[in-house]
Structure formats: C-alpha cells, structure tokens
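Visitor: I'm new to looking at protein models. Could you walk me through how the labels get decided?

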Amino acid sequence: MEENRHGRTVASGGENTGFDVRKAGDASVVLIGLPSVGKSTLLNSLTNANSEVASYHFTTLTAIPGMMECFGAKIQVLDLPGIVEGAAKGRGFGKRVLSVARNADLILLVLDVFQLKHVKILEKELGEVGIRTNQRSPEVLVEKTHAGGLSVQTQVPIKMSISLAKEILRIHGIHNGRLIIREPNLTDEQLIDVLSGNTLYLQSLKVINKIDLVDKRFIKDLVSTVGGDFVPISADKNMNIEFLKGAIYRKLDFIRIFLKPRGGEADYEEPLIMKRGCIISDVCDKIHRNFIKDFRYAYVWGKSVKFDGQKVGMDHKLADNDVLTIVKR
Ligand SMILES: Nc1nc2c(ncn2[C@@H]2O[C@H](COP(=O)(O)OP(=O)(O)O)[C@@H](O)[C@H]2O)c(=O)[nH]1
Ligand SMILES: [Mg+2]
C-alpha cells in the first residue's frame, strides 16, 4: 500500500523549492493561516513531526509534513509558511502556499484567538486562486453543441435572468449549447466559477488557537463573532487537540471498506480508508498502482448492492462498511 496516490507529489509548479511534498496517507490536510498564529506548534501537537516554532514571522519557509493517526486513518498534515494579504498576487510565499492548498483534501484555517477577523483574509486569498471552502459545486450542466444557439433549461427557481446566463456563457466562449440549471437560486458568481474550470470546492475547518490566553467567557463570546462552526484549541498547551483530530476525521468524510480474499474471510482488523463516493477502481488504485490492469470483476456485500455477493464492475460506487472481493486475471 505504498504506491498509487502516495506517488503523487503536492505540486507547487516549477523548480523544487521545498514545497514538493510527497502525498502520503489516506488524506492530506494543510494548515493555512497568517504568520505566528501557531501553525508549526499545531503540526507538532497533531503529528510526529518537529516543525520549528518561533516568535518571529516567517519561520517556516517550506512545507513540513507530519503524519497523524485517527480511527485507523493515516492523515498527512502539512505545515506551510504563513500567508498575508496579497498572497494570491504573489506576496511572501503566497502563490506556492496556495497551490499546495489546491492539492489538499481539507484546509485548516488556523486563527489566533485575538485576530479572528483574519479569517476574511484567508478566505479572500483562497478565493483568488479559485478555492471555495465549504461550498459544494453547484448543480449545473453545460452541453456544448455545434449549432443551434443557446438554450437555458431551469429545473428549479432561480433569481438570475436567462439573458444574463446566456451572456455569461458567451463570455466563456460558448455560443451553441444547452445549460441545465438544477441549483436553486444559482448566482452569476457560481455560474462563472463552473465555467472557468479552475474552481475547486474544498472542505475547510476553522481552528482558533491560543485559547489558553483567554477565559471561558471569552470563548463563549467567540460564537457571536465567528459563528458556531470552529474548534477552539491551544496547540502549545495541548488543549482540545484530541477533539480537533476527531473533527478533522469527520470532515474528511471517510468510509471503510473491508477486503475479503476469494473464498476466505473478510479482514475486519484493517479496513481500507476511502473517501465517500469512491468507486472500485479507486480501491484498486489504493492497493497498488498497477492493480487496475489485472481487474476482472468484483463481488460486494453491503449497503451499496441490492443483494449480498453481487457481481459488479470497476465503476461500482461503494458504501461505508462494504465487504469487497476483487477477482483478478
Ligand atoms: N500562548 C500560546 N502561544 C502559542 C500557542 N501556539 C503557538 N504559540 C506561540 O506562538 C508563536 C508562533 O508559533 P508558531 O507555531 O511558530 O506559529 P506559525 O508561524 O503559525 O507557525 C510561538 O511563540 C509559539 O510558542 C498557544 O496555543 N498558546
Ligand atoms: Mg511556522
């Protein structure tokens, strides 16, 4: 289980600058935040890594990986240099940091308990490189044709006018085809995102660090500023770190697949940790880079099939706790 996606690198584009970290584990999580909010301290408390901590800015100059284990999943955590306003336009290491973020499965937005408004900077910079956090990709379908002009079909109520939708299509070079909108209240920004082809919809989790410096009352009041969706921690004093690990695990939305050799017993000890929505070829990829070549068919027991032991092909979508037997050539 060493190869496959583990062979992929977290690209940063161009020369090797210390940002090219091999992807490893079942998922990868990046720490994004301004300098000195405690990212390196957090990496050290979540994982086996030892990233340098300092009380001055820009200590971490490269991507530092660590590995954390949670409920049987191995999760890679990457510590990155802090980003500042203007990062997406190239300030500091901004561009490279943000390009690493594009390859992540989850972004931890690390905030200092006294600097909560910085979440806006983080979201803005991520937004500028096409990363939308905690939004799913809108349900929109574009079918291009060679002739016949443009038509727009709406299957739900939308606020945008049909003529604006057509105009946006034309701006993106689509003059013939059909746009099918299934997303209620689709906005023009969302449609532009879809058509630009560069937009990534990634999960994020807000982490508020250094809560050892404030009292319980202060943390309670945070809810009114940031909303309820955050995890308060102290990376330095190890407060709430186990809870954060669980929150990361839940955000990653894993499912567990149990492999069963043909004619043998399923291995319930060591499940394969997969992403929800995965298909059998993803499992093959995870087992070994070349495994897929020898795939013939598979048998599945569990929620994803109509009956136990059903024979399926490699495009079959798996469900949590499925048992799987792969038959090779
Ligand atoms: N009081 C307190 N200080 C912290 C905490 N986490 C980090 N620090 C301090 O904040 C400074 C910056 O930490 P560092 O991890 O290097 O931040 P980074 O630049 O985001 O990687 C260091 O002096 C840390 O000791 C925390 O939970 N509480
Ligand atoms: Mg650092």
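Guide: Here we go through a few labels, with the reasoning behind each.

Guide: Keep in mind that this is a predicted model.

Visitor: Let's start with helix α7; what makes its reach close to the one expected?

Guide: Helix α7 covers residues 241-252, which is twelve residues. From first C-alpha to last it reaches 17 Å, and at 1.5 Å a residue you'd expect 16 Å, so the two are close. Right after α7 comes D253, with a positive phi near 55°.

Visitor: How do you know that Y249 is buried?

Guide: Its relative accessibility is 15%, and buried means under 20%, so Y249 makes the cut. Y249 is one of the buried residues of α7, which also include I241, L244 and L252.

Visitor: And F71, buried or exposed?

Guide: Exposed: F71 has a relative accessible area of 59%, and the label needs over 50%.

Visitor: Why are F71 and Y249 called an edge-to-face pair?

Guide: Two checks. Ring centres must lie within 6.5 Å, and these are 4.9 Å apart. Planes over 60 degrees apart count as edge-to-face, and here the angle is 75°, so the name fits. F71 is in the loop between β4 and β5 while Y249 is in helix α7, so the pair ties together parts 178 residues apart in sequence.

Visitor: Then why is the pair of Y249 and F254 called tilted?

Guide: The centres are 5.5 Å apart, so they pair, but the planes are at 55°. That is neither under 30 degrees nor over 60, so tilted is what remains. F254 is buried, just like Y249. Together F71, Y249 and F254 make one aromatic cluster, and the structure's count of aromatic pairs is five.

Visitor: What makes R250 a charge over the ring of F243?

Guide: The charged end of R250 is 5.7 Å from the ring centre of F243, and the distance limit is 6 Å. The direction has to fit as well, within 35 degrees of the ring normal. K311 also lies over a ring, that of Y297, at 4.1 Å from the centre.

Visitor: How do you know that C70 is in no disulfide?

Guide: A disulfide is a covalent bond between the sulfur atoms of two cysteines. The cut-off is 2.5 Å, yet the closest cysteine sulfur to that of C70, in C278, is 19 Å away, so a bond is ruled out. C278 is in no disulfide either, as its nearest cysteine sulfur, in C284, is 11 Å off. The structure holds zero disulfides.

Terms used: Residues are numbered from 1 along each chain as its sequence is written. Chains are lettered from A and ligands numbered from 1 in the order in which they are written. This is a predicted model: local features need pLDDT of at least 70, side-chain atom pairs count only at pLDDT 80 or more; totals for chains, interfaces and linings use all residues. Side-chain values use heavy atoms; hydrogens and water are left out. Helices (H or I, at least four residues) and strands (E, at least two) are DSSP runs, numbered from the N terminus. Buried means under 20% relative accessible area, exposed over 50%, partly exposed in between (1.4 Å probe, protein chains only). Rings of Phe, Tyr and Trp (its six-membered ring) pair if their centres lie within 6.5 Å; planes under 30 degrees apart count as stacked, over 60 as edge-to-face and the rest as tilted.
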